[in-house]
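Student: Could we go through this model together, one question at a time? I would like to see the reasoning behind each answer.

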Amino acid sequence: MADVLAAPQQATQQAKASSEFRTLSLISVAHWVSHFHLLVLPMLFPFLKAQLGVGYIELGFALTVFAVISGLTQAPLGYIVDHVGARVILLFGLTLGGLAFILLGLHLSYSWLIASAVLLGIANSVYHPSDYAILSAHMDSARMGRAFSVHTFAGFLGGAVAPAIMAGLVTWIGGFGALIVVGAIGISVALLLLILGIPDAGAKHRAAGAGAGVSKQSVLTPALMVLTAFFTLLGLSNAGIANFGVVALMGGFGTSFSIANIALTSYLGASAVGVLAGGFLADRTQRHGQLAAACFGVNTALVLLIAMVVLPSIALIAVMTIAGFLSGVIAPSRDMLVREAAPPGAAGRAFGIVSTGFNFSGIASPLLFGWIMDQNMPRWVFLVSAVFMALTVLLAFFTERKSKVATASAGDADAFLSPNASG
């Protein structure tokens with residue numbers, strides 16, 4: 001008799017697990033596309049420079065336009081995700097990004113490049129609000145940290161393979177063909193998500209279980225404002241090393257080009273592995289802020305060591321690898337802090353707002369670290385990165401306290417709105 005009763009329950013659990021696996025896989029593919037598309041234009045700079053007859057300043061301006069547009073539209077699109085639904089916005093972003101590249105490949109000009117940068121900025125701002133809203137709504141809370149880590153790892157992987165894929169496409173079909181193919185990838189993934197049935201999330205999805213007053217409450221809470229600053233510091237602390245680490249090592253420490261690139265590759269590769277490890281840790285602790293603070297505390301010391309001491313090649317690579325791993329470990333805990341701080345029914349808006357921190361750092365970091373290199377102070381690339389890491393450590397503790405307060409407040413609201421709540 002027990003076996004007869006257990007069979008339907010087991011079938012239900014298997015169906016739920018299968019649905020979660022499909023959801024995570026599809027969202028991760030979409031996130032792969034987002035990071036892959038981020039690097040398409042930089043990888044095509046030599047081709048674009050030759051075809052358009054412009055300099056790197058003009059090409060860099062296109063990236064600045066992309067970053068500004070993405071920053072300005074991320075929070076509004078988070079609001080739209082919560083009120084219209086995450087699925088349609090995610091499909092819109094994939095399609096818009098794909099069309100931007102296809103149109104640029106068909107009508108290559110500098111004005112089209114800037115227009116494409118605008119469209120790509122809007123498309124890029126879709127992913128975090130939509131992805132995290134869907135994952136938060138459909139993944140088991142006990143495995144949420146690992147779900148976030150797989151999602152982040154897929155994005156890292158998209159960026160990691162972009163240079164090789166773009167080099168192969170340009171070699172085989174030329175720059176025009178490469179633009180059209182990468183655009184077609186975005187549209188094809190949108191169709192894949194539509195055909196396989198990516199689930200929805202947002203106000204309409206939760207209408208049956210959430211009170212109207214909850215979904216309308218403001219997300220401009222102190223907790224999310226602190227988390228936005230936290231995301232900004234995270235972006236600034238990593239941007240200097242990721243974007244200027246090679247030239248800083250070569251200019252300030254006499255490191256060879258090959259060793260500097262190996263060190264940076266080790267840092268970025270270890271970050272991706274660290275993300276997966278961080279997912280398991282995030283599911284096994286409630287102290288996400290403390291975990292982030294511990295990792296960045298060690299990283300502060302490691303980056304200061306690189307800045308102050310000329311390390312042998314093997315030691316440099318080892319230190320960069322450890323630092324990269326620890327920077328990846330905190331990513332799932334970072335996302336869990338946002339999920340805990342988000343008001344009920346507002347995951348899209350919450351992740352949209354805090355993700356603007358990455359846009360702020362993306363706009364500011366090239367100017368800051370570029371100025372440092374122009375002043376011939378390569379060691380300060382690492383010193384300033386260490387300062388941002390130290391500030392991240394301090395803010396992490398405050399962030400965790402704010403998130404816990406927000407979670408407690410949300411719980412009180414749920415209890416008040418629940419029809420089963422006792423007086």
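Student: Is R334 buried or exposed in this model?
Tutor: Happy to start there, keeping in mind that this is a predicted model. Residues under 20% relative accessible area count as buried. R334 has a relative accessible area of 10%, so R334 is buried.

Student: Which residue meets R334 in a salt bridge?
Tutor: R334 is in helix 12, which covers residues 313-341. Its partner has a relative accessible area of 1%, so that residue is buried too. The N to O distance of the bridge is 2.9 Å, and the partner is D335.

Student: How far apart in space are R334 and F231, C-alpha to C-alpha?
Tutor: In sequence, R334 and F231 are 103 residues apart. In space, the distance between their C-alpha atoms is 8.4 Å.

Student: How many salt bridges does the structure hold?
Tutor: We have met one of them, between D335 and R334. Another pairs D283 with R146. Taken over the structure, the number of salt bridges is four.

Student: Which residues are joined into one network by salt bridges that share partners?
Tutor: One link is between R143 and D140, with the closest N and O atoms 3.9 Å apart. A salt bridge allows up to 4 Å between such atoms, so this pair falls within the cut-off. With shared partners taken into account, the network is made of E20, D140 and R143.

Student: Are R143 and D140 buried, partly exposed or exposed?
Tutor: Buried means under 20% relative accessible area and exposed means over 50%, with partly exposed in between. R143 is at 35% relative accessibility, and D140 is at 24%. Because both values lie in the middle range, R143 and D140 count as partly exposed.

Student: How many residues apart in sequence are the parts that D283 and R146 tie together?
Tutor: The closest N and O atoms of the D283 and R146 salt bridge are 2.6 Å apart. D283 lies in helix 10 (residues 257-283) and R146 in helix 7, so the pair ties together parts whose separation in sequence is 137 residues.

Student: And is R146 buried, partly exposed or exposed?
Tutor: The relative accessible area of R146 is 25%. Since that value lies between the 20% and 50% limits, R146 is partly exposed.

Student: Which helix gives the largest share of the nonpolar patch?
Tutor: The patch covers about 550 Å² and is made by V29, L191, L192, L194, I195 and L196. V29 is found in helix 1. Five residues of the patch come from a helix that spans residues 144-196, namely helix 7.

Student: Why can V29 belong to that patch, given its relative accessibility?
Tutor: Patch residues need over 30% relative accessible area. V29 passes that limit and counts as partly exposed, because its relative accessibility is 32%.

Student: What is the volume of the largest cavity?
Tutor: The structure holds one cavity of 30 Å³ or more. Among the residues that line the largest cavity are S34, H37, F66, N124 and Y127. Its volume is about 120 Å³.

Student: Which helix gives the largest share of that lining?
Tutor: Helix 1 (2-38), helix 2 (40-43), helix 4 (56-84) and helix 6 (110-138) each give two or more residues to the lining. The largest share is four residues, and the helix that gives them is helix 6.

Student: How many charged residues does the lining have?
Tutor: By class, eight of the lining residues are nonpolar and four are polar. The number of charged residues there is none: the lining has no charged residues.

Definitions and conventions. Residues numbered from 1 in each chain as written. Predicted model: local features only at pLDDT ≥ 70, side-chain atom pairs only at ≥ 80, totals over all residues. Heavy atoms only, no water. 1 Å grid on protein atoms, 1.4 Å probe; cavity = no way out; pocket = protein on both sides within 12 Å on 5 of 7 lines; lining within 4 Å. Points joined across faces, edges and corners; volume = space filled by probe spheres on them. Nonpolar A, V, L, I, M, F, W, Y, C, P; charged D, E, K, R; others polar. Patch = residues over 30% accessible without salt bridge, like charges linked within 9 Å, V, L, I, M, F, W, Y side chains within 5 Å. Areas by Shrake-Rupley, 256 points an atom, 1.4 Å probe, with all protein chains shown as cover. Salt bridge = Lys/Arg side-chain N within 4 Å of Asp/Glu carboxyl O. Buried < 20%, exposed > 50% of the residue type's maximum accessible area, 1.4 Å probe, protein only.
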